[in-house]
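Biologist: Please take me through one part of this model in detail, a single strand and its surroundings, and keep the pairing and the accessibility values explicit.

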Amino acid sequence: MKLVAWVSAALLLVIVLLLAAPFTALGTRYMVSLIDGLDRVSVDYRGGSLFGDLELTRVHLDLPVLQVELTELQTRLRLECFWTSRFCLSRADIGALAMNVVPGDGATGTEDPRSSEMLEFPYPVQIDSLKVGEVSFTWPGGEWRQARLFASVDIQSGEIRVKQALVEDAQLRLDPGEQAEATYAGFVPPALFLPLALQVDSLDLQRGSFLQGEQRTELDAVQLSARWRGSVLAVQSLAVDLPAWGRMDLAGELHFEHAWPMDFQASIATAPG
């Protein structure tokens, strides 16, 4: 009977230690080391615990079609969501977020974008308050860069939903590509494919610019509601304030393939004077 009691006590102690591990810095460090050993994932631990305030120096994901890197990450997990197989963060502060779409082997920009692999997130994630110091998103033929981002975000299955966001000092750049001067016939837009669904319910951009080759257009403010999945961008509403022109309101659909066909309705209010 004493042996059974000792074995039972030992098993209970092991279970308690396993359950308590995420609440401790030592247990969290060990769990992060296990994640860091996974293929395509790299994590550098700084301090804190998973079920509390966690600090990571760097997180890098090397996926088949997308590379993602976060630096100076600080999170606070809400424990009540964990028991429903969800990760709820009351806050997530990120120093820098960099995403890079990796072109496929032998990609020419003319293959069917639907053949690209779509991403699926294994667990739902809810972020009440997301703050990012700077963001960069690059793909073959262009890039998006911005300063601070404030948002609330839901991630589920193959979709990232931005419920509300404020963006500062953003720049969208599109490269026309190398063309021989004798045969150059204008900008040839590259085929773009986003390997997930990005739903933006409400985005306010303060101070932005659009750069196409050497041509630059300044923007005072932008309000956007849209959904981008694969090569299709559906814009529910887009309001752009241009310093020299006035205000432009758009709604419609854009396909990032085959010279970017689009179907939009627009209204323009010119600036006075």
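Modeller: Two strands count as paired if DSSP finds at least two bridges between them, and the strands themselves are DSSP runs (E, at least two residues; for helices H or I, at least four), numbered from the N terminus. This is a predicted model, in which local features need pLDDT of at least 70 and side-chain atom pairs count only at pLDDT 80 or more, while totals for chains, interfaces and linings use all residues. Residues are numbered from 1 along each chain as its sequence is written, and side-chain values use heavy atoms, with hydrogens and water left out.

The part I would choose is strand β8, which spans residues 159-174 and pairs with strand β9 (residues 194-212) in the parallel sense over 13 bridges. One position in this parallel pairing is I160, which stands opposite L198 in β9.

The pairing of β8 with strand β7 (residues 149-156) runs in the antiparallel sense, over 8 bridges. Here I160 of β8 appears again, since I155 stands opposite this residue, and I160 therefore has a named partner in the antiparallel pairing as well as L198 in the parallel one. The connection between β7 and β8 is a hairpin with 2 residues between the strands, and in the turn S157 has a positive phi of about 55 degrees.

A further antiparallel pairing involves strand β6 (residues 142-146), which 4 bridges join to β8. In this case E143 has R173 of β8 as its bridge partner.

For a look at a single side chain I would take K163, which also lies in strand β8. With a relative accessible area of 32%, K163 is partly exposed, a class that falls between buried (under 20%) and exposed (over 50%) when a 1.4 Å probe is used on protein chains only. Once its neighbours within four places in sequence are set aside, K163 is in contact (heavy atoms within 4.5 Å) with S152, D154, D201 and S202. The positions of S152 and D154 fall in the residue range of β7, 149-156, whereas those of D201 and S202 fall in the range of β9, 194-212. Another relation across the chain is that of K163 and Q199, which are 36 residues apart in sequence and, from C-alpha to C-alpha, 8.1 Å apart in space.

Taken together, β8 is paired in the antiparallel sense with β6 and with β7, and in the parallel sense with β9.
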